Amino acid sequence: MTTLPDPHLSMVRPVTPRTPQGCEDCLRMGAPWVHLRLCLTCGHVGCCDSSPMRHARAHAASDGHPVVRSFEPGEDWRWCFVHEAMV
């Protein structure tokens, strides 16, 4: 059985975090977050699904940018929200 690479990986670009200090949307709202995710298409920093507002998932849905990586120190993994899988 052959595993094909996720087609959304073609959307990954070199990015600079837009708000390296935290979740872009939570900072604007004054809301708390748990962990951070970096959009690998545009650099949006959003909070994870364990956070109250789930801004990373909302950004993926609204902007069509499905691939994120962990923005936590010492973590090195990527996730596709469309396929709900590591990529």
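**Exercise 1. Find which residues make up the largest nonpolar core, and which strands supply it.**

*Solution.* Start with the list: the largest nonpolar core has 11 residues, namely C23, C26, A31, L36, L38, L40, V45, C47, V67, F71 and C80. Such a core is a set of buried Ala, Val, Leu, Ile, Met, Phe, Trp, Tyr and Cys residues joined through side-chain atoms within 4.5 Å. Buried means under 20% relative accessible area and exposed over 50%, with partly exposed in between (1.4 Å probe, protein chains only). Next, turn to the strands: β1 (36-39) and β2 (45-47) each supply at least two residues of this core. Helices (H or I, at least four residues) and strands (E, at least two) are DSSP runs, numbered from the N terminus.

A word on the model: it is predicted, local features need pLDDT of at least 70, side-chain atom pairs count only at pLDDT 80 or more, and totals for chains, interfaces and linings use all residues. Residues are numbered from 1 along each chain as its sequence is written, and side-chain values use heavy atoms, with hydrogens and water left out.

**Exercise 2. Work out whether C39 and C47 are in or out of a disulfide.**

*Solution.* First, search the whole structure: zero disulfides are found, taking a disulfide as a pair of cysteine sulfur atoms within 2.5 Å. Then check each cysteine. For C39, the nearest cysteine sulfur is that of C42, 3.7 Å away. For C47, the nearest is that of C26, 3.8 Å away. Finally, look at burial: C39 is buried at a relative accessible area of 1%, and C47 is buried at 0%.

**Exercise 3. Identify the buried side of helix α2 and what packs against it.**

*Solution.* Begin with residues 55-63, which form α2; its buried residues are H55, A56, H59 and A60. They cover an arc of only 145° around the axis, so they lie on the same side of α2; the arc is that of the directions from the helix axis to the C-beta atoms. The face turned away carries the exposed residues A61 and S62. The buried residues of α2 pack against α1 (24-29), β1 and β2. Just after α2, G64 takes a positive phi of about 70°.

**Exercise 4. Lay out the sheet and locate its edges.**

*Solution.* Write down the order: β2-β1-β3-β4-β5, an open sheet of five strands with antiparallel pairing. Two strands pair if DSSP finds at least two bridges between them. The edges are β2 and β5 (85-86); each has a single partner strand, so one side of each lacks a neighbour in the sheet. Then zoom in: β3 (residues 67-70) and β4 (residues 78-80) pair over three bridges, and V67 has C80 as its bridge partner in β4.

Technical notes
Contact means heavy atoms within 4.5 Å.
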